[in-house]
Amino acid sequence: MNPAATIADEPDRIGHWRGGQPWSGGSDRWGDVHDPATGRVTGRVELATREQVDAVVADAAAAGREWAAASLSRRTSVLFAFREAVHRRRDELAAAITAEHGKVLDDALGEVQRGLEVVEFACGAPHLLKGGYSDGVSTGVDVYSIRQPLGVVAVISPFNFPVMVPLWFVPVAIACGNAVVLKPSEKDPSASLLMAQLWAEAGLPPGVFNVVQGDKVAVDALLASPGVKAVSFVGSTPVARYVYETGTRHGKRVQALGGAKNHMVVLPDADLQGAADAAVSAGFGSAGERCMAVSVVVAVDPVADSLVPLIAERIAGLRTGDGRRGCDMGPLVTGAHRDRVAGLVQAGVAAGAELVVDGRDVAPDGEAGGFWLGPTLFDRVEPGTPVYDEEIFGPVLSVVRVASYDDALALVNANPYGNGTAIFTHDGGAARRFQREVEVGMVGINVPIPVPMAYYSFGGWKASLFGDTHAHGLDGVHFYTRGKVVTSRWPDPAAPRPGIDLGFPQHT
Ligand code: NAD
(Lines give C-alpha, C1' and ligand atoms only; values in the text may rest on other atoms or scores of the structure.)
Protein backbone atom coordinates (compact mmCIF):
# COMPACT_ATOMS: atom_id res chain seq x y z
CA MET A 1 0.00 0.00 0.00
CA ASN A 2 1.03 3.54 -0.55
CA PRO A 3 1.32 4.92 2.99
CA ALA A 4 0.65 8.45 1.72
CA ALA A 5 -2.77 7.50 0.31
CA THR A 6 -5.54 9.70 1.62
CA ILE A 7 -9.24 9.80 0.96
CA ALA A 8 -8.63 12.22 -1.90
CA ASP A 9 -6.19 9.87 -3.59
CA GLU A 10 -7.19 7.27 -6.09
CA PRO A 11 -7.10 3.96 -4.16
CA ASP A 12 -4.13 1.74 -5.02
CA ARG A 13 -4.83 -0.88 -7.66
CA ILE A 14 -3.69 -4.23 -6.38
CA GLY A 15 -3.08 -6.83 -9.09
CA HIS A 16 -1.52 -10.25 -9.44
CA TRP A 17 2.08 -11.53 -9.66
CA ARG A 18 2.92 -13.61 -12.69
CA GLY A 19 6.18 -14.51 -14.41
CA GLY A 20 8.26 -12.86 -11.69
CA GLN A 21 6.56 -9.45 -11.93
CA PRO A 22 3.34 -7.57 -11.18
CA TRP A 23 0.58 -8.41 -13.63
CA SER A 24 -2.88 -7.06 -14.28
CA GLY A 25 -5.14 -9.56 -15.96
CA GLY A 26 -7.53 -6.82 -17.11
CA SER A 27 -10.40 -8.21 -15.04
CA ASP A 28 -13.57 -6.15 -14.83
CA ARG A 29 -14.21 -7.30 -11.26
CA TRP A 30 -12.50 -5.44 -8.41
CA GLY A 31 -12.95 -5.54 -4.62
CA ASP A 32 -12.50 -2.77 -2.06
CA VAL A 33 -9.66 -2.97 0.46
CA HIS A 34 -10.04 -0.90 3.64
CA ASP A 35 -7.81 0.59 6.26
CA PRO A 36 -9.75 -0.84 9.23
CA ALA A 37 -8.51 1.91 11.57
CA THR A 38 -10.06 4.67 9.44
CA GLY A 39 -12.73 2.80 7.52
CA ARG A 40 -11.47 4.30 4.25
CA VAL A 41 -11.07 2.42 1.01
CA THR A 42 -7.33 2.45 0.35
CA GLY A 43 -7.11 -0.07 -2.44
CA ARG A 44 -8.99 -1.92 -5.13
CA VAL A 45 -7.98 -5.50 -5.62
CA GLU A 46 -8.38 -7.26 -8.94
CA LEU A 47 -10.54 -10.37 -8.74
CA ALA A 48 -9.19 -12.99 -11.15
CA THR A 49 -11.30 -14.75 -13.73
CA ARG A 50 -11.08 -18.46 -14.37
CA GLU A 51 -9.09 -17.83 -17.59
CA GLN A 52 -6.56 -15.68 -15.73
CA VAL A 53 -6.08 -18.39 -13.10
CA ASP A 54 -5.59 -21.00 -15.82
CA ALA A 55 -2.97 -18.82 -17.52
CA VAL A 56 -1.02 -18.38 -14.28
CA VAL A 57 -1.20 -22.11 -13.52
CA ALA A 58 0.12 -22.93 -17.02
CA ASP A 59 3.09 -20.59 -16.49
CA ALA A 60 3.71 -22.07 -13.06
CA ALA A 61 3.67 -25.61 -14.45
CA ALA A 62 6.37 -24.72 -16.98
CA ALA A 63 8.52 -22.94 -14.39
CA GLY A 64 7.93 -25.74 -11.88
CA ARG A 65 9.36 -28.37 -14.24
CA GLU A 66 12.70 -26.54 -14.29
CA TRP A 67 12.62 -25.76 -10.58
CA ALA A 68 12.03 -29.43 -9.76
CA ALA A 69 15.30 -30.19 -11.55
CA ALA A 70 17.23 -27.48 -9.66
CA SER A 71 19.83 -28.91 -7.30
CA LEU A 72 19.16 -28.95 -3.58
CA SER A 73 22.00 -26.51 -3.00
CA ARG A 74 20.52 -24.06 -5.52
CA ARG A 75 17.08 -24.28 -3.91
CA THR A 76 18.59 -23.83 -0.48
CA SER A 77 20.58 -20.77 -1.50
CA VAL A 78 17.36 -19.10 -2.71
CA LEU A 79 15.65 -19.94 0.58
CA PHE A 80 18.50 -18.48 2.61
CA ALA A 81 18.38 -15.31 0.48
CA PHE A 82 14.59 -15.11 0.95
CA ARG A 83 15.07 -15.48 4.71
CA GLU A 84 17.46 -12.53 4.68
CA ALA A 85 15.10 -10.45 2.52
CA VAL A 86 12.10 -11.05 4.81
CA HIS A 87 14.22 -10.26 7.83
CA ARG A 88 15.50 -7.03 6.25
CA ARG A 89 12.05 -5.90 5.12
CA ARG A 90 10.07 -7.09 8.15
CA ASP A 91 9.01 -3.55 9.09
CA GLU A 92 7.52 -3.01 5.63
CA LEU A 93 5.73 -6.35 5.79
CA ALA A 94 4.36 -5.49 9.24
CA ALA A 95 3.21 -2.07 8.03
CA ALA A 96 1.38 -3.68 5.09
CA ILE A 97 -0.35 -6.09 7.49
CA THR A 98 -1.45 -3.33 9.87
CA ALA A 99 -2.64 -1.09 7.02
CA GLU A 100 -5.12 -3.66 5.71
CA HIS A 101 -5.76 -6.06 8.61
CA GLY A 102 -5.67 -3.54 11.44
CA LYS A 103 -3.69 -5.56 14.01
CA VAL A 104 -1.21 -3.49 16.03
CA LEU A 105 2.29 -3.12 14.59
CA ASP A 106 4.00 -5.14 17.31
CA ASP A 107 1.68 -8.04 16.70
CA ALA A 108 2.21 -7.74 12.93
CA LEU A 109 5.96 -7.97 13.53
CA GLY A 110 5.37 -11.09 15.63
CA GLU A 111 3.42 -12.57 12.71
CA VAL A 112 6.36 -11.96 10.37
CA GLN A 113 8.70 -13.57 12.91
CA ARG A 114 6.58 -16.72 13.15
CA GLY A 115 6.54 -16.92 9.35
CA LEU A 116 10.31 -16.49 9.23
CA GLU A 117 10.70 -19.53 11.46
CA VAL A 118 9.10 -21.67 8.75
CA VAL A 119 11.46 -20.20 6.15
CA GLU A 120 14.36 -21.17 8.41
CA PHE A 121 12.93 -24.68 8.76
CA ALA A 122 12.66 -24.94 4.96
CA CYS A 123 16.34 -23.94 4.64
CA GLY A 124 17.03 -27.45 5.96
CA ALA A 125 15.41 -29.03 2.89
CA PRO A 126 18.44 -31.13 1.92
CA HIS A 127 18.26 -32.91 5.25
CA LEU A 128 14.46 -33.13 5.21
CA LEU A 129 14.38 -34.65 1.73
CA LYS A 130 16.95 -37.36 2.45
CA GLY A 131 15.62 -40.80 1.62
CA GLY A 132 16.51 -44.19 3.08
CA TYR A 133 18.90 -46.76 1.61
CA SER A 134 19.02 -50.48 2.32
CA ASP A 135 22.08 -52.17 0.98
CA GLY A 136 21.69 -55.80 -0.05
CA VAL A 137 18.03 -56.53 0.72
CA SER A 138 18.50 -59.60 -1.46
CA THR A 139 21.55 -60.94 -3.26
CA GLY A 140 22.86 -58.03 -5.34
CA VAL A 141 19.69 -55.99 -4.74
CA ASP A 142 19.48 -52.58 -3.04
CA VAL A 143 16.38 -50.59 -2.13
CA TYR A 144 16.14 -46.84 -1.62
CA SER A 145 13.46 -44.22 -1.26
CA ILE A 146 13.27 -40.74 -2.76
CA ARG A 147 10.76 -37.91 -2.46
CA GLN A 148 9.77 -35.92 -5.54
CA PRO A 149 7.84 -32.66 -5.97
CA LEU A 150 4.21 -32.63 -7.07
CA GLY A 151 4.27 -29.81 -9.65
CA VAL A 152 2.00 -26.80 -9.08
CA VAL A 153 0.47 -26.40 -5.64
CA ALA A 154 -2.12 -23.81 -4.63
CA VAL A 155 -2.15 -22.00 -1.29
CA ILE A 156 -5.41 -20.26 -0.35
CA SER A 157 -5.11 -18.09 2.73
CA PRO A 158 -7.41 -16.24 5.16
CA PHE A 159 -7.42 -12.57 6.12
CA ASN A 160 -6.15 -12.94 9.66
CA PHE A 161 -2.48 -13.77 8.92
CA PRO A 162 -1.67 -12.34 5.49
CA VAL A 163 2.06 -13.10 5.91
CA MET A 164 2.36 -15.96 8.41
CA VAL A 165 -0.20 -18.34 6.92
CA PRO A 166 1.24 -18.16 3.38
CA LEU A 167 4.66 -18.69 4.97
CA TRP A 168 3.40 -21.85 6.71
CA PHE A 169 3.23 -23.42 3.26
CA VAL A 170 5.06 -21.55 0.49
CA PRO A 171 8.71 -21.98 1.66
CA VAL A 172 8.22 -25.70 2.30
CA ALA A 173 6.52 -26.24 -1.06
CA ILE A 174 9.27 -24.34 -2.89
CA ALA A 175 12.05 -26.08 -0.97
CA CYS A 176 10.53 -29.39 -2.03
CA GLY A 177 10.80 -28.34 -5.69
CA ASN A 178 7.22 -27.26 -6.45
CA ALA A 179 5.81 -24.12 -8.06
CA VAL A 180 3.21 -22.20 -6.04
CA VAL A 181 0.11 -20.18 -6.85
CA LEU A 182 -0.96 -18.18 -3.78
CA LYS A 183 -4.54 -16.88 -3.58
CA PRO A 184 -4.50 -14.46 -0.63
CA SER A 185 -7.55 -13.10 1.14
CA GLU A 186 -9.12 -10.32 -0.87
CA LYS A 187 -9.45 -8.32 2.38
CA ASP A 188 -5.69 -7.75 2.83
CA PRO A 189 -3.92 -8.66 -0.40
CA SER A 190 -0.95 -6.26 -0.49
CA ALA A 191 1.51 -8.20 1.71
CA SER A 192 1.42 -11.09 -0.78
CA LEU A 193 2.87 -8.84 -3.49
CA LEU A 194 5.65 -7.66 -1.20
CA MET A 195 6.51 -11.29 -0.46
CA ALA A 196 6.50 -12.01 -4.22
CA GLN A 197 8.97 -9.19 -4.73
CA LEU A 198 11.20 -10.65 -2.01
CA TRP A 199 11.15 -14.09 -3.68
CA ALA A 200 12.23 -12.43 -6.93
CA GLU A 201 15.01 -10.53 -5.13
CA ALA A 202 16.12 -13.81 -3.56
CA GLY A 203 16.73 -15.24 -7.02
CA LEU A 204 13.70 -17.53 -7.35
CA PRO A 205 13.16 -18.09 -11.09
CA PRO A 206 10.10 -16.31 -12.56
CA GLY A 207 6.93 -18.37 -12.46
CA VAL A 208 7.86 -20.51 -9.44
CA PHE A 209 5.95 -18.23 -7.05
CA ASN A 210 2.80 -16.52 -8.30
CA VAL A 211 -0.08 -14.61 -6.78
CA VAL A 212 -3.63 -14.57 -8.09
CA GLN A 213 -5.87 -12.13 -6.29
CA GLY A 214 -9.50 -13.06 -6.11
CA ASP A 215 -12.52 -14.55 -4.45
CA LYS A 216 -14.57 -17.74 -4.86
CA VAL A 217 -14.17 -17.57 -8.65
CA ALA A 218 -10.38 -17.86 -8.33
CA VAL A 219 -10.65 -20.57 -5.67
CA ASP A 220 -13.02 -22.62 -7.82
CA ALA A 221 -10.70 -22.23 -10.82
CA LEU A 222 -7.74 -23.51 -8.76
CA LEU A 223 -9.79 -26.44 -7.43
CA ALA A 224 -10.87 -27.46 -10.94
CA SER A 225 -7.55 -26.85 -12.72
CA PRO A 226 -5.90 -30.11 -13.82
CA GLY A 227 -2.54 -28.33 -13.53
CA VAL A 228 -2.90 -27.89 -9.74
CA LYS A 229 -1.81 -31.04 -7.95
CA ALA A 230 -2.31 -30.05 -4.31
CA VAL A 231 -4.17 -27.41 -2.31
CA SER A 232 -3.32 -26.02 1.11
CA PHE A 233 -6.27 -24.02 2.40
CA VAL A 234 -6.82 -22.06 5.60
CA GLY A 235 -10.11 -20.35 6.45
CA SER A 236 -13.51 -20.87 8.00
CA THR A 237 -14.87 -24.40 8.46
CA PRO A 238 -17.68 -24.30 5.88
CA VAL A 239 -15.27 -23.12 3.17
CA ALA A 240 -12.56 -25.57 4.33
CA ARG A 241 -15.03 -28.45 4.04
CA TYR A 242 -16.07 -27.25 0.57
CA VAL A 243 -12.46 -26.88 -0.59
CA TYR A 244 -11.56 -30.33 0.73
CA GLU A 245 -14.53 -32.05 -0.87
CA THR A 246 -14.21 -30.22 -4.20
CA GLY A 247 -10.43 -30.51 -4.43
CA THR A 248 -10.33 -34.21 -3.62
CA ARG A 249 -13.19 -34.83 -6.09
CA HIS A 250 -10.90 -33.33 -8.72
CA GLY A 251 -8.19 -35.79 -7.71
CA LYS A 252 -6.03 -33.35 -5.76
CA ARG A 253 -4.18 -33.76 -2.51
CA VAL A 254 -5.86 -31.32 -0.08
CA GLN A 255 -5.17 -30.10 3.44
CA ALA A 256 -7.88 -27.65 4.57
CA LEU A 257 -7.51 -26.00 7.95
CA GLY A 258 -10.79 -24.63 9.30
CA GLY A 259 -12.24 -22.60 12.15
CA ALA A 260 -11.89 -22.95 15.89
CA LYS A 261 -13.39 -22.48 19.32
CA ASN A 262 -10.50 -22.73 21.75
CA HIS A 263 -11.13 -23.51 25.40
CA MET A 264 -8.81 -22.61 28.25
CA VAL A 265 -9.52 -24.79 31.29
CA VAL A 266 -8.60 -23.27 34.66
CA LEU A 267 -8.41 -25.67 37.61
CA PRO A 268 -8.81 -24.39 41.19
CA ASP A 269 -5.11 -24.91 41.99
CA ALA A 270 -3.91 -22.71 39.11
CA ASP A 271 -2.02 -19.45 39.56
CA LEU A 272 -5.07 -17.23 38.96
CA GLN A 273 -3.08 -14.03 38.36
CA GLY A 274 -1.12 -15.83 35.64
CA ALA A 275 -4.28 -17.40 34.24
CA ALA A 276 -5.97 -13.98 34.06
CA ASP A 277 -2.96 -12.52 32.20
CA ALA A 278 -3.03 -15.47 29.79
CA ALA A 279 -6.78 -15.26 29.16
CA VAL A 280 -6.57 -11.54 28.35
CA SER A 281 -3.50 -11.91 26.10
CA ALA A 282 -4.92 -14.91 24.25
CA GLY A 283 -8.49 -13.62 24.12
CA PHE A 284 -7.87 -10.10 22.86
CA GLY A 285 -4.55 -10.23 20.97
CA SER A 286 -5.21 -9.35 17.32
CA ALA A 287 -8.76 -8.43 18.45
CA GLY A 288 -9.54 -12.14 18.83
CA GLU A 289 -9.05 -12.64 15.08
CA ARG A 290 -6.71 -15.60 15.56
CA CYS A 291 -7.56 -19.22 14.94
CA MET A 292 -5.71 -20.01 18.17
CA ALA A 293 -7.34 -17.21 20.22
CA VAL A 294 -8.86 -18.35 23.49
CA SER A 295 -12.58 -17.68 23.19
CA VAL A 296 -13.87 -19.72 26.13
CA VAL A 297 -12.48 -19.86 29.66
CA VAL A 298 -13.75 -23.02 31.35
CA ALA A 299 -13.63 -22.14 35.04
CA VAL A 300 -13.77 -25.18 37.33
CA ASP A 301 -15.63 -24.31 40.56
CA PRO A 302 -14.94 -22.14 42.49
CA VAL A 303 -12.43 -20.45 40.17
CA ALA A 304 -14.80 -18.08 38.34
CA ASP A 305 -15.67 -15.97 41.39
CA SER A 306 -12.02 -14.87 41.68
CA LEU A 307 -10.94 -15.14 38.04
CA VAL A 308 -13.66 -13.07 36.36
CA PRO A 309 -12.87 -9.87 38.35
CA LEU A 310 -9.15 -10.36 37.64
CA ILE A 311 -9.85 -10.57 33.90
CA ALA A 312 -12.18 -7.54 33.99
CA GLU A 313 -9.56 -5.51 35.87
CA ARG A 314 -6.98 -6.25 33.17
CA ILE A 315 -9.39 -5.41 30.34
CA ALA A 316 -9.89 -1.97 31.90
CA GLY A 317 -6.19 -1.31 31.34
CA LEU A 318 -6.22 -2.15 27.60
CA ARG A 319 -6.13 0.61 25.00
CA THR A 320 -8.06 -0.06 21.79
CA GLY A 321 -7.12 2.03 18.77
CA ASP A 322 -5.14 2.55 15.61
CA GLY A 323 -2.45 -0.15 15.39
CA ARG A 324 0.13 2.47 14.36
CA ARG A 325 -0.30 4.40 17.61
CA GLY A 326 1.11 1.88 20.08
CA CYS A 327 -2.31 0.65 21.24
CA ASP A 328 -2.89 -2.82 22.70
CA MET A 329 -5.70 -3.86 20.38
CA GLY A 330 -6.69 -2.72 16.91
CA PRO A 331 -9.99 -2.62 15.01
CA LEU A 332 -11.78 -5.55 13.38
CA VAL A 333 -11.03 -6.24 9.75
CA THR A 334 -14.21 -4.90 8.13
CA GLY A 335 -17.33 -3.00 9.13
CA ALA A 336 -19.47 -6.02 8.28
CA HIS A 337 -17.41 -8.27 10.56
CA ARG A 338 -17.54 -5.72 13.40
CA ASP A 339 -21.34 -5.55 13.03
CA ARG A 340 -21.61 -9.36 13.07
CA VAL A 341 -19.55 -9.62 16.27
CA ALA A 342 -21.53 -6.78 17.91
CA GLY A 343 -24.70 -8.68 16.93
CA LEU A 344 -23.39 -11.78 18.71
CA VAL A 345 -22.74 -9.70 21.83
CA GLN A 346 -26.39 -8.66 21.71
CA ALA A 347 -27.40 -12.30 21.21
CA GLY A 348 -25.40 -13.21 24.32
CA VAL A 349 -27.26 -10.64 26.38
CA ALA A 350 -30.58 -11.88 25.01
CA ALA A 351 -29.64 -15.48 25.91
CA GLY A 352 -29.08 -14.46 29.54
CA ALA A 353 -25.27 -14.45 29.79
CA GLU A 354 -23.82 -11.89 32.20
CA LEU A 355 -22.14 -9.08 30.22
CA VAL A 356 -19.25 -8.09 32.53
CA VAL A 357 -17.45 -5.77 30.05
CA ASP A 358 -19.26 -4.39 26.99
CA GLY A 359 -16.84 -3.61 24.17
CA ARG A 360 -19.52 -1.80 22.22
CA ASP A 361 -18.94 1.16 24.57
CA VAL A 362 -15.25 1.48 23.73
CA ALA A 363 -13.68 4.93 23.20
CA PRO A 364 -10.98 4.13 20.64
CA ASP A 365 -7.74 5.97 20.08
CA GLY A 366 -8.46 6.29 16.37
CA GLU A 367 -10.68 7.83 13.75
CA ALA A 368 -14.43 7.57 14.17
CA GLY A 369 -14.83 5.64 10.90
CA GLY A 370 -12.66 2.72 12.12
CA PHE A 371 -14.20 -0.70 12.65
CA TRP A 372 -14.06 -0.56 16.44
CA LEU A 373 -15.23 -3.00 19.05
CA GLY A 374 -13.54 -3.13 22.44
CA PRO A 375 -12.70 -6.20 24.53
CA THR A 376 -15.89 -7.86 25.74
CA LEU A 377 -16.30 -10.30 28.63
CA PHE A 378 -19.24 -12.59 29.34
CA ASP A 379 -19.68 -14.72 32.46
CA ARG A 380 -22.13 -17.61 32.94
CA VAL A 381 -22.29 -18.43 29.23
CA GLU A 382 -24.26 -21.56 28.45
CA PRO A 383 -23.48 -24.08 25.69
CA GLY A 384 -26.38 -24.10 23.23
CA THR A 385 -26.44 -20.29 22.95
CA PRO A 386 -24.91 -18.45 19.95
CA VAL A 387 -22.06 -16.88 21.95
CA TYR A 388 -20.83 -20.34 22.89
CA ASP A 389 -21.78 -22.26 19.76
CA GLU A 390 -20.51 -19.93 17.05
CA GLU A 391 -16.94 -19.09 16.15
CA ILE A 392 -17.10 -15.35 16.90
CA PHE A 393 -13.59 -14.43 15.69
CA GLY A 394 -13.59 -11.16 17.57
CA PRO A 395 -12.66 -9.70 20.97
CA VAL A 396 -15.29 -11.58 22.96
CA LEU A 397 -14.24 -13.84 25.82
CA SER A 398 -16.82 -16.15 27.39
CA VAL A 399 -16.56 -17.76 30.80
CA VAL A 400 -18.36 -21.08 31.22
CA ARG A 401 -18.61 -22.35 34.81
CA VAL A 402 -18.32 -26.10 35.40
CA ALA A 403 -18.27 -28.22 38.55
CA SER A 404 -15.28 -30.51 37.91
CA TYR A 405 -12.31 -31.46 35.72
CA ASP A 406 -14.46 -34.19 34.16
CA ASP A 407 -17.14 -31.66 33.22
CA ALA A 408 -14.49 -29.37 31.72
CA LEU A 409 -13.02 -32.20 29.64
CA ALA A 410 -16.47 -33.32 28.48
CA LEU A 411 -17.27 -29.74 27.37
CA VAL A 412 -14.07 -29.39 25.34
CA ASN A 413 -14.47 -32.81 23.75
CA ALA A 414 -18.12 -32.24 22.84
CA ASN A 415 -17.22 -29.14 20.83
CA PRO A 416 -17.20 -29.74 17.07
CA TYR A 417 -13.89 -27.87 16.71
CA GLY A 418 -10.54 -29.22 17.89
CA ASN A 419 -7.89 -26.65 17.00
CA GLY A 420 -6.24 -25.51 20.23
CA THR A 421 -6.85 -25.80 23.96
CA ALA A 422 -5.00 -25.12 27.19
CA ILE A 423 -5.11 -26.18 30.81
CA PHE A 424 -3.94 -24.00 33.69
CA THR A 425 -2.99 -25.92 36.82
CA HIS A 426 -0.13 -26.77 39.19
CA ASP A 427 -1.17 -30.42 39.21
CA GLY A 428 1.12 -32.34 36.86
CA GLY A 429 -1.09 -35.41 37.01
CA ALA A 430 -4.16 -33.45 35.93
CA ALA A 431 -2.22 -31.79 33.12
CA ARG A 432 -0.91 -35.12 31.89
CA ARG A 433 -4.40 -36.62 31.99
CA PHE A 434 -5.71 -33.66 30.00
CA GLN A 435 -2.97 -33.95 27.39
CA ARG A 436 -3.93 -37.60 26.83
CA GLU A 437 -7.71 -37.29 27.04
CA VAL A 438 -8.50 -34.08 25.19
CA GLU A 439 -9.58 -34.40 21.55
CA VAL A 440 -7.77 -31.35 20.20
CA GLY A 441 -4.75 -31.09 17.90
CA MET A 442 -2.67 -28.50 19.79
CA VAL A 443 -2.55 -28.48 23.60
CA GLY A 444 -1.03 -25.94 25.99
CA ILE A 445 -0.10 -26.63 29.60
CA ASN A 446 -0.01 -23.25 31.33
CA VAL A 447 0.52 -21.87 27.79
CA PRO A 448 -2.61 -20.22 26.35
CA ILE A 449 -1.73 -20.21 22.62
CA PRO A 450 0.17 -23.43 21.94
CA VAL A 451 1.22 -22.73 18.34
CA PRO A 452 3.82 -25.36 17.46
CA MET A 453 7.28 -24.26 16.35
CA ALA A 454 8.01 -24.57 12.63
CA TYR A 455 9.78 -27.95 13.03
CA TYR A 456 6.61 -29.45 14.50
CA SER A 457 3.38 -29.41 12.49
CA PHE A 458 0.40 -27.08 12.95
CA GLY A 459 -3.14 -28.39 12.72
CA GLY A 460 -6.33 -29.16 14.58
CA TRP A 461 -8.69 -32.10 14.80
CA LYS A 462 -12.36 -32.58 13.92
CA ALA A 463 -13.99 -29.59 12.13
CA SER A 464 -10.73 -27.63 12.42
CA LEU A 465 -8.91 -29.62 9.74
CA PHE A 466 -9.92 -31.70 6.73
CA GLY A 467 -7.20 -33.96 5.35
CA ASP A 468 -4.47 -36.12 6.82
CA THR A 469 -1.49 -33.82 7.11
CA HIS A 470 -0.88 -30.70 9.14
CA ALA A 471 1.03 -27.57 8.08
CA HIS A 472 4.87 -27.29 8.05
CA GLY A 473 7.25 -29.57 9.94
CA LEU A 474 7.63 -33.07 8.50
CA ASP A 475 3.93 -33.16 7.60
CA GLY A 476 4.55 -30.24 5.25
CA VAL A 477 7.45 -32.02 3.56
CA HIS A 478 5.33 -35.14 3.09
CA PHE A 479 2.36 -33.15 1.79
CA TYR A 480 4.43 -31.43 -0.91
CA THR A 481 6.28 -34.54 -2.12
CA ARG A 482 5.45 -37.98 -3.42
CA GLY A 483 7.42 -40.91 -2.10
CA LYS A 484 9.01 -43.39 -4.47
CA VAL A 485 10.86 -46.60 -3.63
CA VAL A 486 13.45 -47.95 -6.06
CA THR A 487 14.57 -51.59 -6.06
CA SER A 488 17.80 -51.91 -8.00
CA ARG A 489 20.06 -54.70 -9.17
CA TRP A 490 23.36 -54.08 -10.96
CA PRO A 491 24.37 -57.56 -12.09
CA ASP A 492 27.91 -58.64 -11.55
CA PRO A 493 29.13 -59.49 -15.06
CA ALA A 494 31.21 -62.31 -13.57
CA ALA A 495 28.26 -63.95 -11.77
CA PRO A 496 25.77 -66.36 -13.37
CA ARG A 497 22.42 -64.85 -14.44
CA PRO A 498 19.59 -65.60 -11.97
CA GLY A 499 17.49 -67.04 -14.82
CA ILE A 500 13.70 -67.22 -15.10
CA ASP A 501 11.62 -67.58 -11.94
CA LEU A 502 7.81 -67.13 -12.11
CA GLY A 503 7.32 -67.12 -8.34
CA PHE A 504 7.98 -64.45 -5.76
CA PRO A 505 11.67 -64.56 -4.84
CA GLN A 506 12.25 -66.20 -1.43
CA HIS A 507 15.39 -65.64 0.64
CA THR A 508 17.51 -65.13 -2.43
P1 NAD B 1 -12.84 -17.45 4.80
O2 NAD B 1 -13.21 -18.88 4.87
O3 NAD B 1 -13.91 -16.44 4.60
O4 NAD B 1 -11.78 -17.19 3.60
C5 NAD B 1 -10.61 -17.97 3.47
C6 NAD B 1 -10.22 -18.01 2.00
O7 NAD B 1 -11.26 -18.64 1.25
C8 NAD B 1 -10.03 -16.62 1.38
O9 NAD B 1 -8.93 -16.66 0.53
C10 NAD B 1 -11.34 -16.39 0.64
O11 NAD B 1 -11.17 -15.57 -0.51
C12 NAD B 1 -11.77 -17.79 0.24
N13 NAD B 1 -13.23 -17.97 0.23
C14 NAD B 1 -14.15 -17.32 1.00
N15 NAD B 1 -15.38 -17.79 0.72
C16 NAD B 1 -15.24 -18.75 -0.21
C17 NAD B 1 -16.17 -19.61 -0.89
N18 NAD B 1 -17.47 -19.56 -0.65
N19 NAD B 1 -15.68 -20.48 -1.80
C20 NAD B 1 -14.36 -20.54 -2.06
N21 NAD B 1 -13.44 -19.75 -1.44
C22 NAD B 1 -13.87 -18.87 -0.54
O23 NAD B 1 -11.99 -17.13 6.12
P24 NAD B 1 -11.47 -15.72 6.64
O25 NAD B 1 -12.64 -14.95 7.13
O26 NAD B 1 -10.59 -15.10 5.64
O27 NAD B 1 -10.55 -16.18 7.84
C28 NAD B 1 -11.03 -16.45 9.13
C29 NAD B 1 -11.29 -17.93 9.33
O30 NAD B 1 -10.09 -18.66 9.09
C31 NAD B 1 -11.71 -18.27 10.75
O32 NAD B 1 -12.72 -19.23 10.69
C33 NAD B 1 -10.44 -18.85 11.36
O34 NAD B 1 -10.65 -19.74 12.44
C35 NAD B 1 -9.87 -19.56 10.19
N36 NAD B 1 -8.44 -19.77 10.36
C37 NAD B 1 -8.03 -21.03 10.66
C38 NAD B 1 -6.70 -21.28 10.87
C39 NAD B 1 -6.24 -22.66 11.22
O40 NAD B 1 -5.04 -22.86 11.26
N41 NAD B 1 -7.11 -23.61 11.46
C42 NAD B 1 -5.75 -20.25 10.76
C43 NAD B 1 -6.20 -18.97 10.43
C44 NAD B 1 -7.56 -18.75 10.23
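In the predicted model described here, an oxygen atom of the ligand lies 3.3 Å from a polar backbone atom of G235. The protein covers 88% of the 840 Å² of accessible area that the ligand has on its own. Two further contacts of this kind involve other parts of the chain: a polar backbone atom of F159 is 3.0 Å from an oxygen atom of the ligand, and an N or O atom in the side chain of E186 is 2.7 Å from an oxygen atom of the ligand. In total, 26 residues surround the ligand, and E186 is named among the closest of them, together with K183, S236, G258 and E391.

Charged side chains were considered next, and the count of salt bridges in the model comes to 26. One of these salt bridges is formed between the side chains of R40 and E367, with a distance of 2.9 Å from N to O. Because R40 is found in the loop between β4 (30–34) and β5 (41–46), while E367 is found in the loop between β15 (354–357) and β16 (376–379), the pair ties together parts that are 327 residues apart in sequence. With a relative accessible area of 27%, R40 is partly exposed, and E367 is likewise assigned as partly exposed, its relative accessible area being 32%.

A salt bridge is also present between R401 and D305, whose closest N and O atoms are 2.9 Å apart. This pair, too, links distant parts of the chain, since R401 belongs to strand β17 (residues 396–402) and D305 to helix α11 (residues 303–316), the two residues being 96 apart. As to their surroundings, R401 is partly exposed at a relative accessible area of 25%, whereas D305 has a relative accessibility of 52% and therefore counts as exposed, the cut-off for that class being over 50%.

The salt bridge between D322 and R324 has its closest N and O atoms at a distance of 2.9 Å. Here D322 is buried, with a relative accessible area of 7%, while R324 is partly exposed, with a relative accessible area of 40%. This pair does not stand alone, for salt bridges that share partners join D35, D322 and R324 into one network.

The surface of the model also carries a nonpolar patch, which is formed by M453, Y455 and Y456 and has about 360 Å² of accessible area when the three residues are taken together. Of these residues, Y456 is located in the loop between β20 (442–445) and β21 (461–462), and with a relative accessibility of 56% Y456 counts as exposed.

The backbone was then examined for unusual geometry. Most residues other than glycine have a negative phi, and most peptide bonds are trans. Against this background, the peptide bond that joins D301 and P302 is cis, with an omega of about 5 degrees; P302 is placed in the loop between β14 (294–300) and α11. A positive phi of about 50 degrees is found at K462, although K462 is not a glycine. This lysine lies in strand β21 and, at 30% relative accessibility, counts as partly exposed. A second positive phi, near 45 degrees, occurs at H472, which is also a residue other than glycine. The position of H472 is in the loop between β22 (465–466) and α16 (473–479), and H472 is buried, with a relative accessible area of 2%.

Finally, the cysteines were inspected. A disulfide is a covalent bond between the sulfur atoms of two cysteines. The count of disulfides in the model comes to zero. The case of C123 illustrates the reasoning: the closest cysteine sulfur, in C176, is 13 Å from the sulfur of C123, which is too far for a bond, because a disulfide requires the two sulfur atoms to be within 2.5 Å. C123 itself is buried, with a relative accessible area of 8%, and C327 is another buried cysteine, with a relative accessible area of 6%.

Notes
Residues are numbered from 1 along each chain as its sequence is written. This is a predicted model: local features need pLDDT of at least 70, side-chain atom pairs count only at pLDDT 80 or more; totals for chains, interfaces and linings use all residues. Side-chain values use heavy atoms; hydrogens and water are left out. Patches are made of residues with over 30% relative accessible area and no salt bridge: like charges are joined within 9 Å, nonpolar side chains (Val, Leu, Ile, Met, Phe, Trp, Tyr) within 5 Å. Accessible areas come from the Shrake-Rupley method with a 1.4 Å probe; for residues, only the protein chains shown count as cover. A salt bridge is a side-chain nitrogen of Lys or Arg within 4 Å of a carboxyl oxygen of Asp or Glu. Helices (H or I, at least four residues) and strands (E, at least two) are DSSP runs, numbered from the N terminus. Buried means under 20% relative accessible area, exposed over 50%, partly exposed in between (1.4 Å probe, protein chains only). A residue is near a molecule or strand if one of its heavy atoms lies within 4 Å of it. A polar contact is a pair of N or O atoms within 3.5 Å; within protein, one must be able to donate a hydrogen and the other to accept it, and residues adjacent in sequence count only if both atoms are side-chain atoms.
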